[in-house]
Amino acid sequence: MRNREKKVAGEAAAALVEEGMTLGLGTGSTVAFFLDALGERVRGGMNVRGVPTSEQTAAVCHARGIALLDIHSVDRLDLTIDGADEIDPRFRMIKGGGGALLREKIVAEISERVVIVVDSAKVVEWLGAFPVPVEVVRFGCQHVQRHLAGMGIAAKLRSNGDAPYTTDNGHYILDCAMGLLDEPEGLAARVKAMTGVVECGLFMNHCHTLIIGTETGAIVRTK
Ligand code: 5RP
């Protein structure tokens with residue numbers, strides 16, 4: 001059922017893409033449905049180019065014939081389509097379940113418009129049931145873990161089999177069980193200020209339009 005909802009949301013987002021646009025291309029299983037639908041439009045003759053937010057997305061784009069842009073060649077993007085792990089009524093989000101939070105945040109911040117695609121389970125009243133991913137430098141990452149522990153936050157080093165998971169940027173991820181968040185903005189700022197933290201998976205002001213896939217169609221909400 002969730003896959004069906006993700007497909008509905010991804011396909012609805014693909015319909016928003018216009019000829020000639022420069023795109024930010026998010027990461028994850030919901031975005032994969034968007035890329036499938038976009039690939040079909042490209043095969044039909046549409047001309048668009050996009051900055052991928054992960055090596056995984058870049059590989060999917062290659063397979064679908066979607067032209068890629070180097071982030072260094074653009075100052076801004078017309079439209080970004082990305083997923084989320086949780087999103088609240090004020091469009092605040094937790095992202096980074098797929099490990100691409102740093103590139104996702106950069107791409108969102110150079111986009112005129114950001115559309116987030118989710119299945120209905122991602123829509124929450126309060127953020128925080130999903131552990132917040134925090135990208136950290138590998139050197140001394142225990143220092144950040146200790147700092148977080150001092151704030152009462154259990155931070156688990158993400159693993160990939162027996163080894164730590166490494167992001168496309170060569171960093172580690174700490175998945176932080178924070179509990180339901182009263183004031184995510186303040187927490188995001190405190191986490192971001194820690195030495196060794198590269199980026200925090202709390203996205204406070206990055207979504208303009210939300211597309212929720214449901215069994216009966218797509219629900220579109222705009223800020
Ligand atoms: C990757 C992300 C994804 O957008 C998020 O994890 C949602 O993924 P999915 O659509 O597979 O549920 O933030 O870093």
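Visitor: Where in this structure should I start reading, and what is the space taken by the ligand?

Guide: The space taken by the ligand is the largest pocket, and please keep in mind throughout that this is a predicted model. Two elements give two or more residues to the shell around the ligand, namely helix H2, which spans 29–43, and helix H4.

Visitor: How many residues surround the ligand, and which are the closest?

Guide: The ligand is surrounded by 18 residues, and the closest are Ser29, Thr30, Asp85, Gly96 and Lys122.

Visitor: How should I read a polar contact, and which atoms of Asp85, Lys95 and Ala100 lie by an oxygen atom of the ligand?

Guide: The general idea is a pair of N or O atoms within 3.5 Å. In this structure, a polar side-chain atom of Asp85 lies 2.7 Å from an oxygen atom of the ligand, and a polar side-chain atom of Lys95 lies 3.0 Å from an oxygen atom of the ligand. With Ala100 the partner is a backbone N or O atom, which lies 3.0 Å from an oxygen atom of the ligand. On its own the ligand has 380 Å² of accessible area, and the protein covers 92% of that.

Visitor: Let me stay with Lys95: where is it found, and is it buried or exposed?

Guide: Lys95 is found in the loop between strand S6, residues 93–94, and helix H4, residues 101–109. A residue is called buried when its relative accessible area is under 20%, so Lys95, with a value of 3%, is buried.

Visitor: Which side chains make a polar contact with the side chain of Lys95?

Guide: The side chain of Asp82 does so at 3.0 Å, and the side chain of Glu104 does so at 3.1 Å. If you leave aside the neighbours within four places in sequence, the residues in contact with Lys95 include Gly83, Ala84, Leu101, Pro133, Gly201 and Phe203. Asp85, which has a polar side-chain atom 2.7 Å from a ligand oxygen, is also in contact with Lys95.

Visitor: What does Ser54 touch, and where is Ser54 found?

Guide: Ser54 is found in the loop between strand S2 (49–52) and helix H3 (55–64), and with a relative accessible area of 5% this residue is buried. Not counting residues up to four places away in sequence, Ser54 touches Thr27, Ala100 and Asp168. A polar atom of the Ser54 side chain also lies 3.0 Å from the backbone nitrogen of Thr57.

Visitor: How do I read a distance between residues that are far apart along the chain, for example Tyr165 and Gly99?

Guide: Here one compares the separation along the chain with the separation of the C-alpha atoms: Tyr165 and Gly99 are 66 residues apart along the chain, and their C-alpha atoms are separated by 8.7 Å. Tyr165 is found in the loop between strand S11 (163–164) and strand S12 (172–177), and the residues that Tyr165 touches include Gly98, Gly99, Arg158 and His171. A polar atom of the Tyr165 side chain lies 3.3 Å from the backbone oxygen of Gly98.

Visitor: Which residue does Gly217 lie beside in space, and is Gly217 itself buried or partly exposed?

Guide: Gly217 touches Val8 and Ile212, once residues up to four places away in sequence are set aside. Gly217 and Val8 are 209 residues apart along the chain, with 6.4 Å between their C-alpha atoms. Gly217 belongs to strand S16, residues 217–222, and is partly exposed, with a relative accessible area of 21%.

Visitor: And how does Ile106 read in the same terms?

Guide: Ile106 has its place in helix H4 and is partly exposed, at a relative accessible area of 43%. Between Ile106 and Gly24 there are 9.7 Å in space, C-alpha to C-alpha, and the two are 82 residues apart in sequence.

Visitor: What should I notice about the phi of Phe91?

Guide: Most residues other than glycine have a negative phi. Phe91, however, has a phi near 65°, which is a positive value in a residue other than glycine. Phe91 lies in the loop between strand S5 (86–87) and strand S6, and is buried, with a relative accessible area of 6%.

Key. Residues numbered from 1 in each chain as written. Predicted model: local features only at pLDDT ≥ 70, side-chain atom pairs only at ≥ 80, totals over all residues. Heavy atoms only, no water. Helix = DSSP H or I, 4+ residues; strand = E, 2+ residues; numbered from the N terminus. Buried < 20%, exposed > 50% of the residue type's maximum accessible area, 1.4 Å probe, protein only. Contact = heavy atoms within 4.5 Å. Polar contact = N/O pair within 3.5 Å; in protein donor to acceptor, adjacent residues only side chain to side chain. Near = heavy atom within 4 Å. Areas by Shrake-Rupley, 256 points an atom, 1.4 Å probe, with all protein chains shown as cover. 1 Å grid on protein atoms, 1.4 Å probe; cavity = no way out; pocket = protein on both sides within 12 Å on 5 of 7 lines; lining within 4 Å. Sits in = over half its atoms within 2 Å of the grid points.
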